[in-house]
Protein chains: 2
Amino acid sequence: MILVNGKPREWIDITDRGFQYGDGLFETIEVCSGQAVFLEWHLRRLNEGCQCLAIPPPNFTLLRREIQTVCEHSALAGVLKIIITRGMGGRGYRQPDIIQPTRVLSLHPYPDYSPKFSSQGIVARFCTTRLGLNPALAGIKHLNRLEQILARAEWSDSSIQEGIMLDINDAVIEGTMSNLFYVQNNTLYTADLIYTGVAGVMREIIINLADAHKLNVIEHRFSKQDLLNATEVFICNSIIGVWPVKRIDNTPFAVGAITQCIQDWLSAFKDKVLDVD
Amino acid sequence: MILVNGKPREWIDITDRGFQYGDGLFETIEVCSGQAVFLEWHLRRLNEGCQCLAIPPPNFTLLRREIQTVCEHSALAGVLKIIITRGMGGRGYRQPDIIQPTRVLSLHPYPDYSPKFSSQGIVARFCTTRLGLNPALAGIKHLNRLEQILARAEWSDSSIQEGIMLDINDAVIEGTMSNLFYVQNNTLYTADLIYTGVAGVMREIIINLADAHKLNVIEHRFSKQDLLNATEVFICNSIIGVWPVKRIDNTPFAVGAITQCIQDWLSAFKDKVLDVD
């Protein structure tokens, strides 16, 4: 099911700035028994992204109603994607005087990931495609995603689930579709996302859960070698939750106790949030 | 008039990767009395862009025929925009196994620029929005254009025609919609576009014309101060040709002899190319 500005429709106008320039934002949200999981976090990030790009945020009452309509079509597990663009028109890069954003909600089947990915971990590789640096766009889940596409096109081996991306200055940042954490001396480390990267909702939730459980979290700049020296590595996003990384290229990692703890905290927190809703 | 994959149509599918991720390229071409100006240069760059992004290039015989069909609708002056995307489908960032690119041709009225912009020059300003650095995407006219949009949104004063963008390391790169040249000691300077920027067709033609006329051209990294110390400054793109810059913020520039020479060379070259076609 797809809703465009509240109406069932499967197309957008050629002049939409989302198509012309990637002028917009998106959210990818897990749907569980008809409920959008961690919806408040996604809507907050969407709103922040709109502020950063100066796109008028949607009417959130209306958006919630549409989300409910779309999610009702998902019996068990699904994925809801929300795209907000600056709408049609304007002259070249210049935006129109009156911006009427386009709002697209689409429901997709939950990907057929093996349950083993959560329990036994996944295999990752380092990508050669680098992330560019731009503090003004760092953190935002915007529609300019060519870097991720080029990185994801580097491998087709289905035994590899994720590619890890460095920025052009050799700092490790994230996976093509996930954020990345590692454990060293009982401390959780992740990239600081000052110059590049996407500030994932799951990343934020994990940092908050770690704080709540007195697990020290450091957001910093780290190298490939720092990562390879880690005792545990995991990736996360809103759809997969937490997947331990059992190997990066030729370096093996154990599925560690801290990663498993975080999976448990997350699972309990998700149940709690879904119960409340 | 709009053609999508050869058929008149004004919309694209929501699942098109151009809309989902900005996964594509574009060309903006001047149309003069029904002819696409400097078409060979645009098609060459489009082909190069497709190679860089690993998008199968269009069938150029077919594309030329469609361009002709669209341009015939333009009596005098117009603008032809060509967008090529990686087409529909794929799973997330991963591209589909069989890529069927989307090809969009649209004809637009020629903008109502004052003829004085060419003869007497335009006013420009420095933008605070910076260009990010990514050598892998530098030069390519791709659909990820949020930086230009944020920069163009910085001003609405209609007496200012262009904003000049620096990269995050303070190098001057280009205008929001144009490439930038300056003159110092009878030498032409422009940004090298190693880390960012769009390698414009008009920029290429100007460099070649300068070479042919024994005018020294240096592509290098330069600062705001280098630019402000110039004796002449101009911007260029395929639609405007060459516009002298008569002022950047509070610094005035004369419309110089070398800029006027280049305008004359360009005008003669354009006539020659259009005559041949």
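This is a dialogue between a trainee and a mentor about reading the contact between two chains and the sheets within them.

Trainee: What should I know about the model and its numbering before I begin?

Mentor: This is a predicted model, in which local features need pLDDT of at least 70 and side-chain atom pairs count only at pLDDT 80 or more, while totals for chains, interfaces and linings use all residues. Residues are numbered from 1 along each chain as its sequence is written, chains are lettered from A and ligands numbered from 1 in the order in which they are written, and side-chain values use heavy atoms, with hydrogens and water left out.

Trainee: How many residues does each chain bring to the contact?

Mentor: Contact means heavy atoms within 4.5 Å, and here chain A and chain B each give 54 residues.

Trainee: What is the area buried between chain B and chain A?

Mentor: The size of an interface is often given as the accessible area lost when the parts come together. Buried area is the accessible area, taken with a 1.4 Å probe, that two parts lose on being put together, summed over both. Between chain B and chain A it is about 4,400 Å², with carbon and sulfur atoms giving 65%. On the side of chain B, the residues that lose the most area to chain A are Phe19(B), Tyr93(B) and Leu146(B), together 19% of what that side buries.

Trainee: How many salt bridges are counted between chain B and chain A?

Mentor: A salt bridge is a side-chain nitrogen of Lys or Arg within 4 Å of a carboxyl oxygen of Asp or Glu. The count between the two chains is two, and Arg91(A) forms a salt bridge with Asp112(B), where the closest N and O atoms are 3.2 Å apart.

Trainee: Which element gives the largest share of the side of chain B that touches chain A?

Mentor: Helices (H or I, at least four residues) and strands (E, at least two) are DSSP runs, numbered from the N terminus. Among the elements of chain B that give two or more residues to this side are strand 4 (24–32), helix 2 (39–53) and helix 5 (146–152). The largest share, six residues, comes from helix 5 of chain B.

Trainee: How do strand 3 of chain A and strand 3 of chain B pair?

Mentor: Two strands pair if DSSP finds at least two bridges between them. Strand 3 of chain A, residues 11–13, and strand 3 of chain B are joined by three bridges in the antiparallel sense, and Trp11(A) has Asp13(B) as its bridge partner.

Trainee: What is the order of the strands in the open sheet of chain B, and which stand at the edges?

Mentor: The six strands follow the order 2-1-7-6-4-5, with antiparallel pairing. Strand 2 (7–8) and strand 5 (35–36) of chain B stand at the edges, each with a single partner strand, so one side of each has no neighbour in the sheet. Two bridges join strand 1 of chain B to strand 2 of chain B, and one of the pairings is Leu3(B) with Pro8(B).

Trainee: What does the sheet of chain A look like?

Mentor: Chain A has an open sheet of six antiparallel strands in the order 2-1-7-6-4-5. Within chain A, strand 4 (residues 24–32) and strand 6 (residues 77–85) are joined by nine bridges, and Glu30(A) is partnered with Val79(A).
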